[in-house]
Amino acid sequence: MARTVVAADLGGTHVRAALVEENGRITGRRDIRTPATAESHVILGEIAALLKAVASSAADAPVGACLASPGLISADEGKVIIAPNIAGFRNLVLTVPLASQLGIPVAIENDASAAALGEWRFGAGQGCRHLLHATIGTGIGGGLVIDGRLYRGAKGFAGEIGHTIIDPGGPRCACGSRGCLEAMVSGVAFAARARRLLAKSASPVLKEIVGYREPTSADLFLAAKAGDRACEAEIRHGGHLLGLGLGSLVNVLNPDAVTLSGGMLVMGEMFLAPMREAMFSIAYGPASGTSLRLSALGDDAGLLGAAAVAFERATE
Ligand SMILES: [Zn+2]
């Protein structure tokens with residue numbers, strides 16, 4: 001009988017969970033709306049019920065469970081310190097009470113770190129010893145797999161590549177610094193670029209698309225695809241900066257591969273070509289042989305990341 005784990009992906013709107021086999025096959029999917037309360041016993045009750053329902057669909061008891069969560073996660077303490085998009089997930093210890101209710105070991109991991117291990121085990125990072133993974137979505141996250149194991153750092157916060165400073169005079173980041181990658185290349189950052197273009201009346205095409213609502217990163221891309229040079233320049237500049245950030249990390253880490261996932265990748269070559277060019281132009285010796293690969297795990301990346309962590313924990 002194949003070993004299974006219970007994987008859960010905590011998001012701002014939904015908590016998704018499923019049973020995952022060692023080969024990455026996913027069964028027994030369930031999801032609930034993310035508990036909107038700050039009452040920890042209510043949150044724990046709803047998540048426990050979800051995980052139990054998934055676990056009960058297994059023929060043999062799962063060997064463990066893992067929750068992948070956005071935000072600052074203390075994996076050692078099994079705690080969400082703060083998850084910016086989920087009110088109520090603050091200094092919340094999840095693993096100990098969930099493990100006692102489920103009767104199996106339960107782990108928690110930062111979602112971007114889990115995604116890195118998920119890519120290494122099930123996705124674009126298969127066959128690598130050392131992997132750098134970057135998620136380019138609403139924010140920018142990252143994770144490192146070194147010698148086939150997730151690298152967590154001293155306190156479990158390793159992989160925060162979104163807060164690599166690219167321009168000290170750049171826009172303010174949510175972390176308090178200026179000019180972080182996340183403040184210049186993420187979904188939030190591209191929306192801010194679109195706002196600045198509108199404020200300068202620099203893009204009639206974007207103005208036509210957006211009207212009087214708030215612009216998004218998707219609007220910026222739509223205008224660029226429609227031939228708007230100013231919008232295209234913003235996307236290319238973002239790709240260039242991301243390449244500088246990733247190239248710097250490649251110089252430090254010398255990974256076998258860099259894998260990428262996240263919503264901003266829909267911008268395709270307009271975004272990726274300048275990124276690739278900048279990355280390989282600054283990454284000198286260490287870049288030789290480093291491959292750049294796009295995730296193919298799609299919407300299941302979160303679940304497979306959590307599953308990869310649960311399997312790693314189960315073999316410790
Ligand atoms: Zn920052």
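**Zinc site, sheet and helix packing**

Reader: Which protein donors hold the zinc ion, and how far from it do they lie?

Author: Keep in mind that this is a predicted model. The protein donors are one histidine nitrogen, His163 (ND1), plus the sulfurs (SG) of Cys173, Cys175 and Cys180. Their distances from the zinc ion are 2.0 to 2.4 Å.

Reader: What arrangement do the four donor atoms make around the zinc ion?

Author: Look at the angles the four donor atoms subtend: they run from 105 to 123 degrees. Four donors count as tetrahedral if all angles lie between 85 and 135 degrees. These angles therefore make the arrangement tetrahedral.

Reader: What spacing do the donors of the zinc ion follow along the chain?

Author: Take His163 and Cys175, which are twelve residues apart, both in the loop between E11 and helix H4 (181–185). Written out for the donors of the zinc ion, the spacing is H-x9-C-x1-C-x4-C.

Reader: What is the relative accessible area of Cys175?

Author: Buried means under 20% and exposed over 50%, with partly exposed in between. His163 is partly exposed at 28%. Cys175 is partly exposed too, with a relative accessible area of 42%.

Reader: Which strands stand at the edges of the sheet?

Author: Five strands make up an open sheet with mixed pairing, in the order E11-E10-E9-E12-E13. An edge strand has a single partner, so one side of it is left without a neighbour in the sheet. That describes strand E11 (149–150) and strand E13 (291–294).

Reader: Which residue in E13 stands opposite Val258?

Author: Strand E12 (residues 257–261) pairs with E13 in the parallel sense, over four bridges. Opposite Val258 you'll find Leu292.

Reader: At about what angle does helix H9 run to E13?

Author: Helix H9 covers residues 268–282 and lies across E9, E12 and E13. Its angle to E13 is about 160 degrees.

Reader: Are H3 and H10 roughly parallel or roughly perpendicular to each other?

Author: The axes of helix H3 (residues 111–122) and helix H10 (residues 301–314) come within 7 Å and cross at roughly 80 degrees. The contact includes Phe122 of H3 and Phe311 of H10. Angles of 65 to 115 degrees count as roughly perpendicular. H3 and H10 are therefore roughly perpendicular.

Reader: Is Glu21 buried or exposed?

Author: Glu21 sits in strand E2 (residues 14–21). Leaving out residues up to four places away in sequence, Glu21 touches Ala2, Arg3, Thr4, Phe122 and Phe311. Its relative accessible area is 14%, and the cut-off for buried is under 20%. Glu21 is therefore buried.

Conventions
Residues are numbered from 1 along each chain as its sequence is written. This is a predicted model: local features need pLDDT of at least 70, side-chain atom pairs count only at pLDDT 80 or more; totals for chains, interfaces and linings use all residues. Side-chain values use heavy atoms; hydrogens and water are left out. Two strands pair if DSSP finds at least two bridges between them. Helices (H or I, at least four residues) and strands (E, at least two) are DSSP runs, numbered from the N terminus. Contact means heavy atoms within 4.5 Å. Axes are lines fitted to C-alpha atoms, for helices over the stretch in contact, and angles run from 0 to 180 degrees between N-to-C directions. Donors are N, O and S atoms within 2.8 Å of the metal (3.2 Å for Na, K and Ca); water is not among the atoms, so sites may look incomplete. Four donors count as tetrahedral if all angles lie between 85 and 135 degrees; four count as square planar and six as octahedral if opposite donors are over 155 degrees apart and all others between 65 and 115; anything else is irregular. Buried means under 20% relative accessible area, exposed over 50%, partly exposed in between (1.4 Å probe, protein chains only). Angles under 35 degrees count as roughly parallel, over 145 as roughly antiparallel, 65 to 115 as roughly perpendicular and the rest as oblique.
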